[in-house]
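Q: I'm new to this structure and would like a close look at one part of it. Could you start from a single residue and work outwards from there?

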Amino acid sequence: MLATPHWRPRVTPDQHTADAEASPPSISRAEAFRYWLKLGCISFGGPAGQIAIMHEELVERRRWISENRFLHALNYCMVLPGPEAQQLATYIGWLMHRTWGGVVAGGLFVLPSLFLLIALSWVYMAFGTVPAIAGLFYGIKPAVTALVVHAAWRVGSRALKNAWLWSIAAGSFLAIFALDLPFPLIVLIAGLTGYVGGKLVPDKFKAGGGHGASRKDFGPALIDDDTPTPAHARFTWARFRVVMVAGLTLWAVALGSLMALHGWNGVLTQMGWFFTKAALLTFGGAYAVLPYVYQGAVDHFQWLTAPQMIDGLALGETTPGPLIMVVAFVGFVGGWTTQIFGSDSLFLAGTAAAVVVTFFTFLPSFFFILMGGPFIESTHGNLTFTAPLTGITAAVVGVIVNLAVFFAYHVLWPQGFGGRFEWASAIIGAAAALALFRFKLGVIPVVLGAGVAGLAFQLGRSALGF
């Protein structure tokens, strides 16, 4: 194995005059490990918050990487399917410490959340009918609905810049809501529409905005703008093929092992195959792929119910790590309810399923970075969204709106339109929306406040005998 590269950032004579202007020292693997572990434990706030945390720590304070190189890596991660914040951590870790660094950075971004979600999922399945727990989730569910509406507004305000993109968003909503078309087909149609639109009316399909418009000078960085690309990050077709074959082999061995142990129709095998497909469709973030996960996990495989799906999203919102980690909850509940190891091993079944689902969901992200990173490093120019991706992003807005409608229906009419309307849920949801849109509160205080309100309502209703 080749030695870890020693970065030598550009240093001019006047930069030696003050500590603030001195180049950072080389970063050991142990120090990098400690930071990535810390990041995995504090990465709340969704992708925007996680990227902001990394920017503040790695660009501004520690100066491990310059802002231009940070944004260059981020632009690449934004056009990939998968959680962009986790992929960005993987990219920077790989750039600094080769494959070891990428695997450690990306893995530690996920593992704390996985362990926490396994514990919370066990509490949910074992004690979810306890009045206090049920009361908390009664309030959290409408708050999650408000969060999804807020996500649709956030994405839509950035993506829908003209009537063409609005039309794609509306069409995608109708396609999944009224026609019940599968999510992959909607993505394909939107991408083709964007491609054709980019040829006919290119101005309408140009990507707008970007991350971090400002270019502040935080001093010389360990990986600076003009730091030469190390040998391991230089693109060659030979290396590309080796990484691709290694990734496909690892995936095939893992899925083949499950098939040998449980058969093709076994729960764990089907989870591995289903979440591999889901991992390749996460354009636009976790909210965009959740309808696909719902179609498969709830409607087709029936690993969990619609209310449980909403509860899982609530747990995912309040734990560190990428929101797509909600799939670990889906896996745990699916393993528990199908009793894949028998009725006496429910926790083991849930844990095994959560690990399998997480592995197959995140495996593609690592290989996208390890395969594509060297090519991106060879360009050293800003990447822009392509016209097909612009079309897909517009379609994602419509899909997220459909998710909000789906959640609202199950929260406000839990027994269907013929049943009782939950006025308390409607009030809690409206208050959560007000907190998000008007007062700009964060996810965690909104969810916790709604949970307390739900608990108070349920306790009050029990005391009054309703």
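A: Happily! Let's start at Ser-28, which sits in the segment before helix H1 (29–42). Keep in mind as we go that this is a predicted model.

How much of Ser-28 is open to the outside? Its relative accessible area is 37%. That value lies between the limits of 20% for buried and 50% for exposed, so Ser-28 counts as partly exposed. The side chain of Ser-28 also makes a link to the helix that follows, reaching the backbone nitrogen of Glu-31 at 3.2 Å. Further along the chain there is Met-96: 68 residues separate Ser-28 from Met-96 in sequence, yet their C-alpha atoms are 9.6 Å apart in space.

Now let's move on to H1 itself and its partner, helix H4 (residues 84–127). The axes of the two helices are 8 Å apart, and they pack at an angle of about 35°. Their crossing is right-handed. Which residues meet there? From H1 come Arg-29, Ala-32, Phe-33, Trp-36, Leu-37, Leu-39, Gly-40 and Cys-41. On the H4 side they meet Ala-89, Ile-92, Gly-93, His-97, Trp-100, Val-104, Ala-105, Leu-108, Phe-109 and Pro-112. A general point helps in reading such lists: an α-helix has 3.6 residues a turn, so residues three or four places apart point the same way. In H1, Ala-32, Trp-36 and Gly-40 are among the residues that meet H4.

With that corner in view, we can step back to the whole protein. It has 16 helices and zero strands. Of its 466 residues, 51% are buried. Taking contacts between residues at least 6 apart in sequence, 76% join residues at least 24 apart. The protein exposes about 20,900 Å², with carbon and sulfur atoms supplying 68% of that area.

Two other places are worth a visit. One is helix H9 (residues 267–279), whose 13 residues reach 18 Å from first C-alpha to last, close to the 18 Å expected. Because 10 of its 13 residues are buried, H9 is largely enclosed by the rest of the structure. The buried residues of H9 include Leu-268, Met-271, Phe-274 and Phe-275.

The other place is Glu-422, in the loop between helix H14 (387–412) and helix H15 (423–437). Is Glu-422 buried or exposed? Its relative accessibility is 7%, which is under 20%, so Glu-422 counts as buried. Leaving aside neighbours within four places in sequence, Glu-422 is in contact with Tyr-138, Val-411, Leu-412, Pro-414 and Arg-461.

Technical notes: Residues are numbered from 1 along each chain as its sequence is written. This is a predicted model: local features need pLDDT of at least 70, side-chain atom pairs count only at pLDDT 80 or more; totals for chains, interfaces and linings use all residues. Side-chain values use heavy atoms; hydrogens and water are left out. Helices (H or I, at least four residues) and strands (E, at least two) are DSSP runs, numbered from the N terminus. Buried means under 20% relative accessible area, exposed over 50%, partly exposed in between (1.4 Å probe, protein chains only). A polar contact is a pair of N or O atoms within 3.5 Å; within protein, one must be able to donate a hydrogen and the other to accept it, and residues adjacent in sequence count only if both atoms are side-chain atoms. The expected span of a helix is 1.5 Å times one less than its number of residues. Contact means heavy atoms within 4.5 Å. Accessible areas come from the Shrake-Rupley method with a 1.4 Å probe; for residues, only the protein chains shown count as cover. Axes are lines fitted to C-alpha atoms, for helices over the stretch in contact, and angles run from 0 to 180 degrees between N-to-C directions. A crossing is left-handed if the near helix is turned anticlockwise from the far one by less than a right angle, and right-handed if clockwise.
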